[in-house]
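Got your viewer open? Load the model, find the selection tool, and follow along stop by stop.

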Amino acid sequence: MTGNHRNSSITRRRAIAMTGGTVAAGGLVVAGYQSAFADTTDTTDATATASATSTGACMTLMSSVTEGPYYLDGALVRKDITEGKSGVPLTLRLTVVDATDGCTPVKGAAVEIWHCDAWGYYSGYTTANPGGSAPSESEDGSTANDNTYLRGYQIANANGVVKFETIFPGWYTPRTCHIHVKVHTGGEKEDGTYEGGTVNYTGQLFFDDTTAEEIFTLEPYAQHSGSYTTLDDDMVYDGGGAASGLLTLKAVHKADPSKGYKGSLSLAIDPDAENTGAGSGGGGTPPSGAPSGEPPSGAPSESASPSASASS
C-alpha cells in the first residue's frame with residue numbers, strides 16, 4: 001500500500017503555482033529545515049526563506065494518508081506532550097507552508113500530533129496489545145493521564161513554525177516507528193483545545209531505520225521485543241522521502257543517542273483543501289472496545305497542565 005491519496009481539486013492559487021516551472025524536490029527539505037530551527041523572525045531569515053522557496057519546490061504537496069485507528073478528539077494545546085512518559089527526548093519542529101502560493105508560511109495553522117509511547121501504547125487505548133512482548137502500559141511508572149499523553153496541538157507562528165517536546169516513539173505490530181499529524185486551519189483555541197475549522201492535511205511522520213533501531217536497544221524501548229517493521233515493509237510509508245513524511249533528524253550528542261534528537265520537516269499543504277483522514281494506508285487494527293474518537297473523559301484542563309501552553 002502507498003500513501004499517495006491527495007485532494008484532487010485545483011484551486012485558483014494552485015493553478016497559478018503550477019505554471020511556475022519544474023518542481024525541485026530537494027529545495028523544500030532544505031528550506032524547511034532552515035526555517036524550522038529559527039525561533040524568531042528577522043530580515044535575514046525572511047530573505048533566505050524567500051530565496052530558497054522561489055524554485056517552486058512547494059508545488060509538491062505532502063502525501064496524505066489514513067489517520068489510523070488511534071485518533072482521539074480533544075487534544076490539548078501545549079508544547080510538551082510527554083506527561084512524564086519516559087523515552088529518548090525528541091524536539092519536533094514542523095513548518096507549515098502553502099504549496100499553492102510559493103511556500104508562504106501558514107500563520108495560525110493548528111498542527112496536531114499523536115503517537116505511541118516507548119512500548120507501543122497509545123493514550124486512550126492502553127489495553128491494546130502492541131505485538132511482540134512488552135510490559136503492560138501501567139508498568140511504566142509515570143503519572144501520565146491515560147487519555148491524553150503524547151497528544152497535543154500547537155499553533156503556527158508568523159513563520160509557520162510549531163515546536164513540540166516529546167519522546168521518540170516506540171513501535172507496534174505491524175507498523176514502523178511513526179508520528180501521526182493533522183494540520184487544521186480556520187478554527188480557534190477554546191477551553192485548552194482547538195475547535196472548529198477545517199482539516200487540510202492528515203499524514204504521518206517517519207524515522208530512518210538506522211536511528212530507530214539504535215534507539216530501540218536503549219531503555220525503556222529494549223523491554224519491548226519482537227519483529228520491528230522497517231520503512232521498506234511498512235504499509236503506509238511509500239518511499240517518497242520528505243514529501244511522504246520522512247523527518248530530518250539531528251542528534252543532540254552524536255556519541256550518546258540517549259541525549260535525544262531534533263526532528264524537522266516542512267509540511268507543504270493546500271489550505272483550501274479539506275482532508276477527511278481516510279487516506280490510503282492501513283495503520284493497524286483498533287482494539288475491541290476502544291474509544292471511538294470522542295473527547296476523552298477526565299482529561300486534565302489547561303490550567304491543570306503546566307505544559308498546556310501555545311508556542312511562542
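## Stop 1: two cysteines

Select Cys116: with 1% relative accessibility, this residue counts as buried (buried means under 20% relative accessible area, exposed over 50%, partly exposed in between, with a 1.4 Å probe and protein chains only). Before you go further, know that this is a predicted model, where local features need pLDDT of at least 70 and side-chain atom pairs count only at pLDDT 80 or more, while totals for chains, interfaces and linings use all residues. Residues are numbered from 1 along each chain as its sequence is written, and side-chain values use heavy atoms, with hydrogens and water left out.

Now add Cys177 to the selection. At 0% relative accessibility, Cys177 counts as buried. Are these two bonded or unbonded? The sulfur of Cys116 is 6.8 Å from the sulfur of Cys177, its closest cysteine sulfur, so the two are too far apart for a bond. A search of the whole structure turns up zero disulfides (a disulfide is a pair of cysteine sulfur atoms within 2.5 Å).

## Stop 2: Asp117 and its neighbours

Step along to Asp117, which you'll find in the loop between β3 and β4. Helices (H or I, at least four residues) and strands (E, at least two) are DSSP runs, numbered from the N terminus. Asp117 counts as buried, at 2% relative accessibility.

What does the side chain of Asp117 reach? Zoom in on the backbone nitrogen of Trp119, at 2.9 Å. That is a polar contact: a pair of N or O atoms within 3.5 Å, where within protein one must be able to donate a hydrogen and the other to accept it, and residues adjacent in sequence count only if both atoms are side-chain atoms.

Next, show what Asp117 touches (contact means heavy atoms within 4.5 Å). Leaving out residues up to four places away in sequence, the list is Lys85, Glu137, Tyr149, Leu150, Ile167, Pro169 and Gly170. Keep Lys85 and Tyr149 on screen: the charged end of Lys85 sits over the ring of Tyr149, 4.2 Å from its centre. A charge sits over a ring if NZ of Lys or CZ of Arg is within 6 Å of the ring centre and within 35 degrees of the ring normal.

## Stop 3: salt bridges

A salt bridge is a side-chain nitrogen of Lys or Arg within 4 Å of a carboxyl oxygen of Asp or Glu, and by this rule there are seven of them. Select Glu67 and Lys182, whose side chains meet in a salt bridge at 2.8 Å, N to O. Glu67 lies in the loop between α3 and β1 while Lys182 is in strand β6, so this pair ties together parts 115 residues apart in sequence. Lys182 counts as buried, at 3% relative accessibility. Add Tyr71 too, and you'll see the charged end of Lys182 over the ring of Tyr71, 5.0 Å from its centre.

Now pick Glu83 and Arg78, another salt bridge at 2.8 Å, N to O. Arg78 counts as buried, with 1% relative accessibility.

Then try Glu165 and Lys163, joined by a salt bridge at 3.4 Å, N to O. Glu165 counts as partly exposed at 23% relative accessibility, whereas Lys163 counts as buried at 17%. Before leaving, select Lys85, Asp117, Glu137 and Asp140: salt bridges that share partners join them into one network.

## Stop 4: aromatic rings

Rings of Phe, Tyr and Trp (its six-membered ring) pair if their centres lie within 6.5 Å; planes under 30 degrees apart count as stacked, over 60 as edge-to-face and the rest as tilted. The whole structure holds 13 aromatic pairs. Pick Tyr70 and Tyr122: the ring centres are 4.4 Å apart and the planes are at 10 degrees, so the pair is stacked. Tyr70 is in the loop between α3 (43-53) and β1 (89-98), and Tyr122 in the loop between β3 (110-114) and β4 (151-155), 52 residues apart. Both are buried.

For a contrast in angle, select Trp171 and Tyr228, an edge-to-face pair with 6.3 Å centre to centre and 70 degrees between the planes. Trp171 and Tyr228 are buried. Widen the selection to Phe168, Trp171, Phe207, Phe216, Tyr221, Tyr228 and Tyr261, which ring pairs link into a cluster.

## Last stop: zoom out

Switch to cartoon view for the whole chain, which has four helices and 11 strands. Of its 312 residues, 52% are buried.
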